[in-house]
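Subject: Handover of a structure and findings

Dear colleague,

Please find the structure below, together with its sequence. I would be grateful if you would read the notes with the model open beside them.

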Amino acid sequence: FFFQAEDGIRDHCVTGVQTCALPICGPQPPLFKESDLEAIRGQVAGVKTVAPQNQSAGTVVFAGQNWSTTIIGTSNDYFAASGISLDAGRLFTDAEMDAGKSVCVVGMTVVSNLFKEGDPLGKVMRVKGIACDVIGVMKKRGSGGFGQDQDDQVVMPIKVVMRRFTGRSEEHTSELQSHSDLVCRLLLEKK
């Protein structure tokens with residue numbers, strides 16, 4: 001999951017995956033559950049936003065064009081915690097999140113490779129074979145650490161990604177952002 005400190009400062013700590021941003025890597029902790037996210041929201045001082053994350057790689061298709069990308073299942077808090085703004089459209093409604101509706105917000109790399117002839121908003125593309133309504137487009141972010149294209153992603157409500165793509169029911173890959181390594185260390189120790 002992601003979280004952002006109230007002061008807006010972000011640091012990076014990764015748990016529940018095969019890499020670790022801290023010098024305490026070793027056996028990986030179990031994945032976080034929704035109850036863990038709620039506990040962090042309510043009990044960790046200085047946390048402004050908390051967002052689950054569950055991701056999968058896959059092919060997206062529109063009008064005969066296809067593109068391999070990263071599919072991220074999360075909540076609207078993901079956008080705030082990771083500093084992502086929209087160029088057009090909107091984020092998920094509560095009803096879409098609760099139902100796990102197949103709607104998505106796409107990055108500019110996906111737009112440039114699939115929607116060469118126009119605006120993607122309101123279009124239906126296929127995400128790993130599942131129809132998905134495009135409701136938003138992220139602002140261009142460029143390359144991140146290790147040259148990773150931050151615009152090459154499709155973001156969907158976490159319930160649809162877990163149900164249709166990852167097969168998980170409650171556990172989330174855990175990525176968090178905090179104002180200090182201390183918060184990351186405490187959360188790693190908790191697990």
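The notes that follow go from the whole chain to single strands, residues and charged pairs.

This is a predicted model, in which local features need pLDDT of at least 70 and side-chain atom pairs count only at pLDDT 80 or more, while totals for chains, interfaces and linings use all residues. Residues are numbered from 1 along each chain as its sequence is written, and side-chain values use heavy atoms, with hydrogens and water left out.

The chain as a whole

The protein chain has six helices and 11 strands; helices (H or I, at least four residues) and strands (E, at least two) are DSSP runs, numbered from the N terminus. Of its 191 residues, 45% are buried. Here buried means under 20% relative accessible area, exposed means over 50%, and partly exposed lies in between (1.4 Å probe, protein chains only). The chain exposes about 9,100 Å², of which carbon and sulfur atoms supply 49%; accessible areas come from the Shrake-Rupley method with a 1.4 Å probe, and for residues only the protein chains shown count as cover. A contact requires heavy atoms within 4.5 Å. Among contacts between residues at least 6 apart in sequence, 72% join residues at least 24 apart.

Strand E10

Strand E10 covers residues 153-157. Five of its five residues are buried, so E10 is largely enclosed by the rest of the structure. Strand E5 (residues 65-74) pairs with E10 in the parallel sense over five bridges, whereas strand E7 (residues 103-106) runs antiparallel to E10 and is joined to it by two bridges. Two strands pair if DSSP finds at least two bridges between them. Val-155 in E10 stands opposite Ile-72 and also opposite Val-105.

Salt bridges and cysteines

A salt bridge is a side-chain nitrogen of Lys or Arg within 4 Å of a carboxyl oxygen of Asp or Glu. By this rule the count comes to three.

- Arg-90 and Glu-96 have their closest N and O atoms 2.8 Å apart; Arg-90 is partly exposed at 34%, and Glu-96 is buried at 7%.
- Asp-133 and Lys-101 meet at 4.0 Å, N to O. This pair links distant parts of the chain, with Asp-133 in strand E9 and Lys-101 in the loop between helix H3 (94-99) and E7, 32 residues apart.
- Asp-151 and Lys-140 have their closest N and O atoms 3.6 Å apart. Both lie in the loop between E9 and E10, so the pair ties together parts that are 11 residues apart in sequence.

The structure holds zero disulfides, a disulfide being a pair of cysteine sulfur atoms within 2.5 Å. Cys-104 is buried at 0% relative accessible area, and Cys-132 is likewise buried at 0%.

Asp-151 and Ala-131

Asp-151 is buried, with a relative accessible area of 1%, whereas its partner Lys-140 is exposed at 62%. The side chain of Asp-151 also reaches the backbone nitrogen of Arg-141 at 2.7 Å. Not counting residues up to four places away in sequence, Asp-151 touches several others, including Gly-107, Met-108 and Thr-109.

Ala-131, in strand E9, is partly exposed at 35% relative accessibility. With the same sequence neighbours set aside, Ala-131 touches Ser-102, Val-124, Met-125 and Arg-126. The C-alpha atoms of Ala-131 and Phe-62 are separated by 9.9 Å, with their positions 69 residues apart along the chain.

With kind regards

Methods
A polar contact is a pair of N or O atoms within 3.5 Å; within protein, one must be able to donate a hydrogen and the other to accept it, and residues adjacent in sequence count only if both atoms are side-chain atoms.
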